[in-house]
Amino acid sequence: MKATSNQILIIFGASGDLTKRKLIPALYDLYIQNLLPEKFAVLGVSRTALTDEDFRKRAGEFLPEGASVNSFKEMLFYQPVSNDKATDFIPLKKRLSEISIQLQIPENYIFYLSTPPSLYGVIPHFLFENGLSKSDKYFRRLIVEKPFGIDLKSAKDLNIKLLNYFDEEQIYRIDHYLGKETVQNMLVTRFSNGIFEPLWNHNYIDRVEITSSESLGVEGRGGYYDNSGALRDMLQNHLLQLVGFVAMEPPVVIEANAIRNEIIKVFQSLRPFKENMIVKNVIRGQYTESVIKGEKVTGYRNEPGVDPYSRTETFVAVKIYVDNWRWAGVPFYIRTGKKLPTRVTEIVIHFKSVPHHLFGNSSNTANNQLIIRIQPDEGILLKFGMKTPGAGFDVQTVNMDFHYSDLTNTKVPSAYERLLLDCMQGDATLYARGDAVEKAWEFVQPIINAWETNPEIPIYGYPAGTWGPEQAENLIKSVGWRFPCKNLTDDGLYCEL
């Protein structure tokens, strides 16, 4: 474990939901594991007028009770700041200096933007104007939450703004999916096992399937979601990053720039969408009213804050290709949606069938699959054929699995724990780089343009609680999608929804 320098974490938007539900609990978990620096403080910042004690009390709402929590809260401070003009940050600079002197902490600062995206260019500007964005003696880092723009132009504009005030190596664009242990384990699975890496190419892999489904709907966020949709909210960032991890070449070393260089090469290899390809290779849907377990479920257009004539997609499925030597001709099928049967994110590597079927070609001899489960029931499942006991050579598919929950003596860190600690240690491996963000937007921009300019492109309805519109089956045709269950191992036997 790397040593972590003494520092102060400044959270903008500290009175918001993300800070209370995710950031403070993650910091507390790092504290009880003795992973925080020896001298450390958190300064919460927002417009809301709070005292240090008010902030500590609010932070405690999502923490257990006990002596360790009380000692952790002593690290928490608060400073109300308006974001209207640069001079509003003068009291912030003064408070940071006071905390540094009081707690004998060097002026190493991480600024976390847990704010509306409209402030992503404003706050860094004011930090720069007050001499807080750079230092010759101390490190200064900036964590930016998604969304990184709403299209290619806004993403480029945001990067230009940020780079006016911070250098690229100071900027950490956070994607909590990359903080998940099973995402990181893909690197180990691929590059440390001689049984996988030689097969990880078009000679042996038939297709790759990535699913990220949610059983919940927009849950009171209809106003926000109606201006976003599944393509922007999930596919452009989280799921394309998973494609990058699956498809990347081996890095020279396990180091941030080496890994991120390989991911950007994948994005550069994505086959661009031409307008006539989009209808055939991209399916969008929107959940409609239905009955689930005897209860009536509201359709998307009837959700609070949603336009009753909305054409915002709550489901999207795409077929893409990575045009390089390793993946030539291998389709990647990606889908994500809300109000699907269960909450699950997984990657399925479908291997090609044997060239000669000695034991028949029935449904019981399906191609081998390697399933990497991101959430829930995190683990890895390998499906392969075995002889059914008895006379003859009947073959059935069996499962061989590993669950992270089996590591009973090992705590699996939350995504925010891992990502916060990495930033504290200056490790940007699991953070998105500016060029990769822009390349991902460049890939999806033709889809956005087509949907906005061509009203003839349909948006299909699907009953809430189903696996999306029937038309999504046309993408994958004869082989069909895998329908994952909440439980990983016993898929095909029973399904807990």
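A crossing of two helices is called right-handed if the near helix is turned clockwise from the far one by less than a right angle. With that convention in place, good morning, colleagues. The structure I present today is a predicted model. I shall begin with the helix pair to which the definition applies, then turn to the sheet, to the strands around β11, and finally to two further helix contacts.

The first pair is helix α1, residues 17-32, and helix α12, residues 415-424. The crossing of α1 and α12 is right-handed. Their axes approach to within 9 Å, at an angle of roughly 70°. Angles of 65 to 115 degrees count as roughly perpendicular, and α1 and α12 are therefore roughly perpendicular to each other. On the α1 side, the contact involves L18, K22, L23, A26, L27, D29 and L30. These residues meet Y416, E417, L420, L421 and M424 of α12. Sorted by class, the contact of α1 with α12 holds nine nonpolar and three charged residues, and no polar ones.

I now come to the parallel sheet. In what order do the strands of the open sheet run? The order is β3-β2-β1-β4-β5-β6, six strands in all, with parallel pairing. At the edges we find β3, residues 76-80, and β6, residues 171-173, each of which pairs on one side only. Direction ignored, neighbouring strands in this sheet are turned against each other by 20° on average.

Within this sheet, let us look at strand β1, which spans residues 7-12. Six of its six residues are buried, so β1 is largely enclosed by the rest of the structure. As a general point, side chains in a regular strand alternate between the two faces of the sheet. In β1, one side carries Q7, L9 and I11, the other carries I8, I10 and F12, and all of these are buried. Both faces of β1 are thus covered. The strand pairs with β2, residues 40-46, in the parallel sense, over six bridges. Across this pairing, L9 of β1 stands opposite V42 of β2.

Towards the β6 edge, strand β5, residues 140-144, pairs with β6 over three bridges, also in the parallel sense. Here V144 stands opposite R173 of β6.

Next, I turn to strand β11, residues 315-321. Is this strand mostly covered or mostly uncovered? It is mostly covered, with seven of its seven residues buried. F315, A317, K319 and Y321 point one way from β11, whereas V316, V318 and I320 point the other way. The buried residues of β11 include the charged K319.

Strand β11 has antiparallel pairings with β8 and with β12. With β8, residues 282-288, the pairing runs over four bridges, and F315 of β11 is the bridge partner of G285. With β12, residues 331-337, the pairing runs over seven bridges. K319 of β11 stands opposite Y333 of β12.

Let me return to the helices, and to two contacts that involve helix α13. This helix comprises residues 434-453, and its axis comes within 9 Å of the axis of α10, residues 256-269. The two axes cross at roughly 20°, which makes α10 roughly parallel to α13. The crossing of α10 and α13 is left-handed. I264, F267 and Q268 of α10 meet D435, A436, K439 and A440 of α13. The residues of this contact divide into four nonpolar, one polar and two charged.

The second partner of α13 in this account is α9, residues 229-247. The axes of α9 and α13 come within 10 Å and cross at roughly 150°, and the crossing is right-handed. From α9, the contact draws on L231, R232, L235, Q236 and L240. From α13, the participants are V437, A440, W441, F443, V444, I447, I448, W451 and E452. By class, the contact of α9 with α13 comprises eleven nonpolar, one polar and two charged residues. A440 of α13 appears in the contact with α9 and in the contact with α10.

I close with a single residue. T189 lies in helix α7, residues 181-191. Buried or exposed? T189 has a relative accessible area of 5%. Under 20% counts as buried, and T189 is therefore buried. Leaving aside residues up to four places away in sequence, T189 touches F196 and I380. Thank you for your attention.

How values were computed: Residues numbered from 1 in each chain as written. Predicted model: local features only at pLDDT ≥ 70, side-chain atom pairs only at ≥ 80, totals over all residues. Heavy atoms only, no water. Axes fitted to C-alpha atoms, helices over the stretch in contact; angles between N-to-C directions. Parallel < 35°, antiparallel > 145°, perpendicular 65-115°, else oblique. Contact = heavy atoms within 4.5 Å. Pairing = 2+ DSSP bridges. Buried < 20%, exposed > 50% of the residue type's maximum accessible area, 1.4 Å probe, protein only.
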